[in-house]
Structure formats: C-alpha cells, structure tokens
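Here is a set of short exercises to work through with the model open beside you. Try each task before reading its solution.

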Amino acid sequence: MKSAVSSLVRSNNSLISRTLLYHSSKPISQSPFFLSNIPKNLFNQRYQKLQFSPNSTSIMASLSKSEQAREPPALPLPSPPLTKFKIGLCQLSVTPDKERNIKHARKAIEEAAQKGAQLVLLPEIWNSPYSNDSFPVYAEDINAGGDASPSTAMLSEVASRLKITIVGGSIPERCGDKLYNTCCVFGTDGKLKAKHRKIHLFDIDIPGKITFMESKTLTAGETPTVVDTDVGRIGIGICYDIRFTELAMIYAARGAHLICYPGAFNMTTGPLHWELSQRARAMDNQLYVATCSPARDPGAGYVAWGHSTLVGPFGEVLASTEHEEDIIIAEIDYSILEQRRASLPFTKQRRGDLYKLVDIQRLNSH
C-alpha cells in the first residue's frame, strides 16, 4: 500500500494526487468524478481495490472536534425578530459644510424609509471630509449628546420618528483628549443601542499610490461590537476592519445574522479588494454583509471608490451602487442562512483539534 501511495503522490497528474488525499477515507472507485483522470491500465493494475480507513486524527476528528474550534464555543444562531426586511444603503456625497452634510443625510434616510427600508446604513465619515486635518475640527462628543453631537442627535430623532433601525455610518468622535472613528447604532425608539470605535486603524503606504495614517490623529477602539436590533443581530466594523477575518469570525461565533461595514476604500485598493473582502467575509461566515461608502468626489483630498453593496451568505452580490451618489433598497432573507449552512456545513467540520478562534472578550467575561 505504501508503494501505491508514494507512486500516486509522485504522479505528474496533480488531480490524481488530490483525489487520494481528499478522498482517502473511501475507495477511489466511489469517486467517479476523478476516474476519468486516472489512466485505465494504471487504475486496473494498482488502485481498483485500494482503500483507506479513517484514523482518529483525520476524518472523524472533524466530526468530534468542531465544537472545540471556538473558545468559548460558538453561540447558536438566534431566531431573528423577523425573517425578511429591506435594507437601505445611502451612498452620500460629503462636503466641508457639516450642517449641509447632516441635512443631506437626514433626507437620504427619510427617502430610504419611504421606499420600505427598515434598516438604513450610512457611509464612513459622512459628516466631515476624510482627512487627519478635519477629524479634530468635525469631531463630536457623542456621550454628551444634544448640541455637542448634532450628527447623532439627528440620527436619534429620525430613527424614533420613522421607527427604523439606523447603523449611522461613522463620524469623528471626541472623548476626553482622544479622537475615534465611531459608528452609532440607533433603535426604533431612537435610543443609542451600540457604539463601535474602529478597531483597526487605516495606516497604509503604497508608494506612488496612496499614503494615509489614521493613527496620526485617531485612537483605535478596543471592543468588538454585536448588537441585537429589531432587524436581527448585527456585528459592526468600519472600513479597514473588514480586512481582518478574525473579527468577522468572532461576530459569526456570537450569532450575528449580518455584519455592517461603513467604509471608504480608495481608488487604489477599492477596485482590487472592496468587493472581494465583502464576499469573503460573507462566504466564510455564512451571513449577510452590508457596506456603505461615500460617493466619489474626484476633487476631494481623499477619493472614495464607492460601490456600496449587499452580499448574501453564499458570497453572492445582491445589490450594489456605482460610484455616484445613490440610495439602493435590497431585501434580506434570514431563512437563507440556515439553508446555506445546511447545504455547506463547514461550521460543523472545523478541526478544533488543530486550530481554534479565541474570543478574548467573551472568554474573560466567563
């Protein structure tokens, strides 16, 4: 048997090698898809009766160790308060006029609600130009509220009046002597349900293309954010947070139905990575991903890629804008989550004996 294995692995036909490695728990004769790739005489002489038995650390391990792949163990997907609803993605133009930006965002939210949206998502940094010079000038004291935070006061009022849930993009937040890039979530009663401070700061340097260092002015957040709302359990990330799959995996393990990422990818990384990252986070975690970008302004100091998008749990793009200002309404159907997870059950196939995701915050709270 050893000589047969070594002979097959040394074969120039890599597909034959993969056949043995991936299907070693059953006879090759049970894998008809691959048989056409094995020379008939070679198959008849050496492999027709070749089969392997699973050992305790391979195939069966995935069945008995999947619950150990998350520490603490993953939470079951909660029953959402509704199965289907409409989400509105408001891709807004942003100007140096803060008062105008607030009024403009209010109008967009109202329009999305009129079109049936029960959840509205705004862009990253929608009340201010995206620049380190602007962040301190436009920052608001969210904790103080009222006149100290006119942007969030507007979001609260509109959410309460229209009876909708708002994931309020992000704005610069001042807290003491620190500045944060912060997303606020308001419930249908107008109350602040959650506040997410961008965890991964956007510090990149691509020579000849783009250099930006958020850390020059902003402080990184310290806490993953999952919030239960009238439209399901939502995980929150901001732009660069989407690149870190571990954060999305934590949200999935906490039972999120949807992850919202207000973001402003640029003209260098946007064409390559924006849609790719969204689809990857959705597909890997078998949940919905929604993003919202500012509209593109070629004359701005920082030019956003645009393309606000809703992605389904199979990684399929369900709706997307182009780069201009736009409001799109799309349907989310949570019943599909269980269907996808039943069809492709890799949440039950993880190898907890080989690797695991540790949710430090949940672990420390036990």
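**Exercise 1. A histidine with an uncommon backbone angle**

In which loop is the place of His307?

Solution. Step one: find His307 in the loop between strand 13 (288–292) and strand 14 (309–311). Helices (H or I, at least four residues) and strands (E, at least two) are DSSP runs, numbered from the N terminus. Before going on, note that this is a predicted model, in which local features need pLDDT of at least 70 and side-chain atom pairs count only at pLDDT 80 or more, while totals for chains, interfaces and linings use all residues. Residues are numbered from 1 along each chain as its sequence is written, and side-chain values use heavy atoms, with hydrogens and water left out.

Step two: check the backbone. His307 is not a glycine, yet its phi is positive, about 60 degrees. Most residues other than glycine have a negative phi, and most peptide bonds are trans.

Step three: decide on burial. His307 counts as buried because its relative accessibility is 17%. Buried means under 20% relative accessible area, exposed over 50%, and partly exposed in between (1.4 Å probe, protein chains only).

**Exercise 2. A lysine to set beside it**

Is Lys163 buried or exposed?

Solution. Start with the location: Lys163 sits in the loop between helix 8 (150–162) and strand 4 (165–167). Next, the angle: Lys163 has a positive phi of about 55 degrees and is not a glycine. Finally, the accessibility: Lys163 is at 56%, so it counts as exposed.

**Exercise 3. The chain as a whole**

Describe the chain's make-up, burial and contacts.

Solution. First, list the elements: the chain has 12 helices and 17 strands. Second, look at burial: 49% of the 366 residues count as buried. Third, turn to contacts (heavy atoms within 4.5 Å). Among those between residues at least 6 apart in sequence, 69% join residues at least 24 apart.

**Exercise 4. A cis bond and a cavity**

Which residues line the largest cavity?

Solution. Begin with the peptide bond between Glu71 and Pro72, which is cis, with omega about -5 degrees. Pro72 lies in the loop between strand 1 and strand 2 (84–91).

Both residues then turn up in the lining of the largest cavity, which consists of Arg70, Glu71, Pro72, Ala253, Leu357, Val358, Asp359 and Arg362. Strand 1 (70–71) and strand 17 (357–358) are the elements that give two or more residues to this lining. On a 1 Å grid over the protein atoms alone, a cavity is a set of points where a 1.4 Å probe fits but cannot get out, and a pocket is an open set with protein on both sides within 12 Å along at least five of seven lines; lining residues have an atom within 4 Å of a point.

Now sort the lining by class: four residues are nonpolar, none polar and four charged. Here Ala, Val, Leu, Ile, Met, Phe, Trp, Tyr, Cys and Pro count as nonpolar, Asp, Glu, Lys and Arg as charged, and the others, Gly among them, as polar.

**Exercise 5. The two largest pockets**

Which residues lie nearest the centre of the largest pocket?

Solution. Of the 20 lining residues, Ala74, Leu75, Arg341, Thr347 and Arg350 lie nearest the centre of the largest pocket. Helix 9 (245–253) and helix 11 (335–343) are the elements that give two or more residues to its lining. By class, that lining holds 11 nonpolar, three polar and six charged residues.

Repeat the steps for the second largest pocket. It is lined by 19 residues, with Val94, Pro129, Tyr130, Ala300 and Tyr302 nearest its centre. Their classes are 11 nonpolar, five polar and three charged for the whole lining.

**Exercise 6. Helix 9 and two glycines**

What does Gly232 touch, not counting residues up to four places away in sequence?

Solution. Start at helix 9, where Leu247, Ala248, Ile250, Tyr251, Ala252 and Ala253 are buried. Gly255 follows helix 9 and has a positive phi, near 90 degrees. Then step across to Gly232: the C-alpha atoms of Gly232 and Gly255 are separated by 9.8 Å, with the two residues 23 apart along the chain.

Gly232 lies in strand 11 (residues 232–236) and counts as buried, at 2% relative accessibility. The residues that Gly232 touches are Pro81, Val227, His257 and Tyr334.
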